[in-house]
There are 2 protein chains.
Amino acid sequence: MPTGPAKNGRRRPTRTAGPAKRQADYLSQTRREHAHEIAEDYVEAIADLAAEAGQARVVGLARRLGVTHVTVIRTIARLKKAGFVTAQPYRGISLTDEGCALAAMCKNRHETVAAFLRSLGIPEQVAEMDAEGIEHHVSPETLAAFKACLRKPRP
Amino acid sequence: MPTGPAKNGRRRPTRTAGPAKRQADYLSQTRREHAHEIAEDYVEAIADLAAEAGQARVVGLARRLGVTHVTVIRTIARLKKAGFVTAQPYRGISLTDEGCALAAMCKNRHETVAAFLRSLGIPEQVAEMDAEGIEHHVSPETLAAFKACLRKPRP
DNA sequence: CATGGACGGTAGCCATGGCTACATTATTGC
DNA sequence: GCAATAATGTAGCCATGGCTACCGTCCATG
């Protein structure tokens, strides 16, 4: 039972229409992006492992991503359905052309973000850590601005 | 059935120990942060609604956050357990002191990130959109660097 | 003062992304 | 060639964060 009468403006004509709607869209978009983040981390890790060990394997991915091999297997299944990787049971994991392109884009973007942060005087480790989280939310416009800043550093 | 013998270096002594471990930690950390992101978005929205309408209500939050009122109710329950908000059924939602502090920090951080992006020449709307995603991953060091850049803009 | 419609809440579904525990397959070393 | 071990895969659990459908509350207004 409620403890008393609510005399708050319940029937107010909402009034938070314009800007609130826009922010809602931004937030929805950000949430949608989150689905891609994992895929990006995976294809990047697969590309790296393939480059350094000749082939990406489940345990290697698990170690690199900080999850159990079970999680890797399940996520790989999704990436397979999404067309980013190919994999047969007990064999290594390979990127499709699409996956390769995504990995290359991610690697480039990650490098740019990390370099930009370092150029602001942020310590290596912190820059790397922040880049890991930031990179997935950097639009092409912002990425271009970062690159421009790196090209002509402040005096 | 596998289509043939795998002659890949399975028994290699892992060799991806040092840097891979570090990256795994970074990624784990980023994943952990994700749990906080929602809380941050909520307390910020609650603070805004309280400021502009006198009280935060479920439907208002739902509109602002771009989700259904059901999602809001469930998340509020979690935030309540976490000690960020207080709420009784059919009453408005209020921030605890802790929630208030978090909201203030988030608002400040969001403003800083958005202003920094705008200072790089990124269009208002894009800056706002990117800030929404980036803000949750900005460490204190990086935030300080952004603020420093804003204080003395490039000539 | 009754009631309609907005608001708030519950039940139950789905997908994702973790996990442990257990089973299966490949490789390797004896 | 066979056993041990590491890698891979399966089953099933939990939490989170969406959703729809439906039901309950409340209060402004006729």
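This report covers the confidence, symmetry, aromatic pairs and one helix packing of a predicted model.

**Confidence**

Chain A has a mean pLDDT of 87, with 86% of its residues at 70 or more. Residues 1-17 of chain A have pLDDT below 50, and this stretch makes 14 contacts in the model beyond near neighbours in sequence.

**Symmetry of the two chains**

Two copies of a chain are related by a rotation about an axis and a shift along it. Here chain A superposes on chain B with an RMSD of 0.0 Å after a rotation of 180°, and the shift along the axis is 0.0 Å. The two copies are thus related as by a two-fold rotation axis. Within chain A, Ile134(A) has the C-alpha nearest this axis, at 2.6 Å. Of the interface residues of chain A, 98% are also interface residues in chain B, so the copies meet through the same surface.

**Aromatic pairs**

Over all chains, a search of the whole structure gives 3 aromatic pairs. Two that involve Phe116(A) are listed here.

| Pair | Centre to centre | Angle between planes | Class |
|---|---|---|---|
| Phe116(A) and Phe146(A) | 4.0 Å | 5° | stacked |
| Phe116(A) and Phe116(B) | 6.1 Å | 50° | tilted |

The pair of Phe116(A) and Phe146(A) counts as stacked because its planes, at 5°, fall under the 30 degrees cut-off. Phe116(A) belongs to helix H4 (residues 97-119) of chain A and Phe146(A) to helix H6 (residues 140-151) of chain A, so this pair ties together parts that are 30 residues apart in sequence. Both Phe116(A) and Phe146(A) are buried.

The pair of Phe116(A) and Phe116(B) joins two chains, because Phe116(A) lies in helix H4 of chain A and Phe116(B) in helix H4 (residues 97-119) of chain B. Phe116(B) is buried, as is Phe116(A). One aromatic cluster is formed by Phe116(A), Phe146(A), Phe116(B) and Phe146(B).

**Packing of H2(A) and H3(A)**

Two packed helices are described by the angle between their axes and the distance between the axes. For helix H2 (residues 58-65) and helix H3 (residues 69-82), both of chain A, the axes come within 8 Å and cross at roughly 110°. H2(A) and H3(A) are therefore roughly perpendicular to each other. On the H2(A) side, the contact is made by Val58(A), Leu61(A) and Ala62(A). On the H3(A) side, His69(A), Val72(A), Ile73(A) and Ile76(A) take part.

Key. Residues numbered from 1 in each chain as written. Chains lettered and ligands numbered in written order. Predicted model: local features only at pLDDT ≥ 70, side-chain atom pairs only at ≥ 80, totals over all residues. Heavy atoms only, no water. Least-squares fit on C-alpha atoms with pLDDT ≥ 70 in both. Contact = heavy atoms within 4.5 Å. pLDDT = per-residue confidence, 0-100. Phe/Tyr/Trp six-rings, centres within 6.5 Å; stacked < 30°, edge-to-face > 60°. Helix = DSSP H or I, 4+ residues; strand = E, 2+ residues; numbered from the N terminus. Buried < 20%, exposed > 50% of the residue type's maximum accessible area, 1.4 Å probe, protein only. Axes fitted to C-alpha atoms, helices over the stretch in contact; angles between N-to-C directions. Parallel < 35°, antiparallel > 145°, perpendicular 65-115°, else oblique.
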